[in-house]
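Please look through the sequence and the three-dimensional structure below before reading on. The paragraphs that follow lead from one part of the chain to another, and it helps to find each residue in the display as it is named.

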Amino acid sequence: MDTENIKIQIKTFFGLEQILAEEIKKLGGRNVEIKNRAVNCEGDLGFLYKINYSARTALKILVPIHEFKAFNQHQFYDRLFKFEWDNFMDVDQSFFIDATVNSETFKHSQFVTLKMKDAIVDYFQEKFKRRPNVETRNPDIKFHLHIDRELVMISMDSSGDPLFKRGYRREQGEAPINEVLASGMLQLAGWDGKGNFLDPMCGSGTLLIEAAMIAMDLPAQIFRKRFGFQNWNNYDADLFAKIKEFRINRIRQFDGKIVGYDIDARMLNAARMNVEAAEMEDVIEIKKQNFFDSKKDLFPLLMVFNPPYDERISINDDDFYKKIGDTFKTHYPNTLAWLISSDLEAVKKIGLRPSRKIKLFNGKLETRFLQYEMYEGTKKVHKLEENK
């Protein structure tokens with residue numbers, strides 16, 4: 001593998017591609033190209049380590065190693081059997097393959113995964129008279145197989161475990177928001193650690209912790225123990241140590257407040273445990289507080305939240321969303337608030353026109369991430385004041 005010009009594909013969620021591309025550019029990626037749920041770029045080995053350690057909206061970071069066309073399963077197996085796998089893994093290492101398949105020729109991802117596994121094992125058996133083990137739970141090397149019609153692309157997964165597994169979540173609620181999605185939402189909302197942040201329905205605290213990580217410029221994977229690239233034959237431990245040290249030296253003081261409200265004692269307990277695991281008790285304040293009885297006491301304030309879905313807490317949607325709107329209007333003047341919801345009818349009961357709507361997916365649920373701007377008086381008066 002050329003360690004100076006590595007082609008890299010970084011997977012993300014739908015709607016976060018632009019945010020990820022900006023992150024990649026800031027971290028020094030070259031030839032950045034936005035794809036569907038992914039960003040392609042180039043960089044050296046140090047950059048590969050840096051994005052794994054620091055990028056907040058990356059799900060997994062792949063390095064393509066082999067590409068070819070196959071029109072049937074025999075061609076597929078044959079091309080894989082002839083590939084020099086020992087350049088990328090050792091016979092003593094375990095491996096795992098995950099696959100995404102979109103093809104009329106290769107309809108079943110489990111079948112092609114099995115064929116690829118056979119080709120790798122047979123290659124080592126013929127060359128070394130020994131076979132590497134397949135390991136599903138904690139493999140040394142993770143391969144990613146992507147088939148689009150006849151085009152086959154094999155990549156190495158440099159991340160190992162998906163990058164939303166930050167390592168601070170001890171407890172979770174029934175509907176926790178994914179850490180990568182949470183960070184993407186905060187960046188879409190413009191959170192940069194200047195001012196104060198409120199999550200008025202904080203659940204198990206993911207948005208709070210991700211907000212604190214952004215505010216302090218903590219690397220996204222500061223709590224992670226292991227990355228896939230650490231098992232690669234070109235792993236440079238000194239280089240990775242230097243990159244970590246450089247990033248940790250950039251951690252900054254945060255002078256604002258990050259506050260979470262919830263009314264569910266079990267959720268509050270989960271949030272406190274997660275905040276403690278992230279070592280952020282000094283930065284994040286969690287209160288038992290009904291948002292509908294609350295008043296704005298932080299200036300300036302950005303609010304981002306994930307209201308509970310019907311499955312988690314039995315709520316009367318219409319009434320619940322109407323109360324959100326009433327609380328916005330009555331108690332939170334001059335506030336920018338964002339919320340994510342999959343119930344596109346119920347959010348109309350908020351009674352305010354959202355100034356921005358962004359389509360995102362929370363798991364398989366299609367949602368809208370909505371921005372509401374609350375001004376004292378009318379927008380028109382506010383604009384006149386702004387232009388004085």
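A residue is called buried when its relative accessible area is under 20%, exposed when that value is over 50%, and partly exposed in between. With this in mind, we can begin with one pair of side chains, remembering throughout that the model is predicted. Arg166 and Glu210 are both buried, and their side chains meet in a salt bridge with an N to O distance of 3.0 Å. The pair links distant parts of the chain, since Arg166 sits in the loop between strand 7 (151-157) and helix 5, while Glu210 belongs to helix 6 (residues 206-216), with their positions 44 residues apart in sequence.

Other salt bridges can be set beside this one, and the count for the structure comes to 21. In helix 1, Lys25 and Glu22 are three residues apart, which means that about one helical turn separates them, and their side chains form a salt bridge of 4.0 Å, taken from N to O. Lys25 is partly exposed because its relative accessible area is 46%, and Glu22 also counts as partly exposed, at 35% relative accessibility. A further salt bridge is found between Arg368 and Glu366, whose closest N and O atoms are 3.0 Å apart; here Glu366 is partly exposed, with a relative accessible area of 35%. Salt bridges can also share partners, and in this way Arg56, Asp217, Arg247 and Arg250 are joined into one network.

Which residues of helix 1 (residues 17-26) are buried? They are Glu17, Ile19, Leu20, Ala21, Glu23 and Ile24. The cover over these buried residues includes strand 1 (6-11), strand 2 (30-35) and strand 3 (38-43), together with helix 2 (45-54) and helix 5 (179-188). After helix 1 comes Gly28, which has a positive phi near 105°.

Helix 2, which helps to cover helix 1, deserves a look of its own. Nine of its ten residues are buried, and therefore helix 2 is largely enclosed by the rest of the structure. The buried residues are Leu45, Gly46, Phe47, Leu48, Tyr49, Ile51, Asn52, Tyr53 and Ser54. Among the elements that cover them are strand 1, helix 1 and strand 3, and the list also includes strand 4 (60-69) and helix 7 (237-248). Helix 1 and helix 2 thus each appear in the cover of the other.

Some points of the backbone are also worth finding in the display. Asn31, which lies in strand 2, has a positive phi of about 50° although it is not a glycine. Is Asn31 buried or exposed? With a relative accessible area of 56%, Asn31 is exposed. Arg37, found in the loop between strand 2 and strand 3, is another residue other than glycine with a positive phi, in this case near 60°. Arg37 has a relative accessible area of 35%, so it counts as partly exposed. Farther along the chain, a cis peptide bond joins Phe299 and Pro300, with omega at about -15°, and Pro300 is placed in the loop between strand 10 (284-288) and strand 11 (301-305).

Ser109 gives an example of how residues separated in sequence can be compared in space. This residue is found in helix 4 (residues 109-128) and is partly exposed because its relative accessibility is 31%. When residues up to four places away in sequence are left out, Ser109 touches Ala99 and Val101. Ser109 and His146 are 37 residues apart in sequence, and the distance between their C-alpha atoms is 9.5 Å.

Finally, we can turn to the surface. Where do Glu276, Glu279, Glu281 and Asp282 gather? These four residues gather on the surface in a patch of negative charge. One of them, Glu276, has its place in helix 8 (residues 265-277), and at 51% relative accessibility Glu276 counts as exposed, because the cut-off for that word is over 50%. The buried pair of Arg166 and Glu210, with which this account began, offers a contrast to the exposed Glu276.

Note on methods
Residues are numbered from 1 along each chain as its sequence is written. This is a predicted model: local features need pLDDT of at least 70, side-chain atom pairs count only at pLDDT 80 or more; totals for chains, interfaces and linings use all residues. Side-chain values use heavy atoms; hydrogens and water are left out. Patches are made of residues with over 30% relative accessible area and no salt bridge: like charges are joined within 9 Å, nonpolar side chains (Val, Leu, Ile, Met, Phe, Trp, Tyr) within 5 Å. Accessible areas come from the Shrake-Rupley method with a 1.4 Å probe; for residues, only the protein chains shown count as cover. Lys and Arg count as positive and Asp and Glu as negative; His and the chain ends are not counted. The place of a charge is taken as NZ of Lys, CZ of Arg, CG of Asp or CD of Glu. Helices (H or I, at least four residues) and strands (E, at least two) are DSSP runs, numbered from the N terminus. Buried means under 20% relative accessible area, exposed over 50%, partly exposed in between (1.4 Å probe, protein chains only). Contact means heavy atoms within 4.5 Å.
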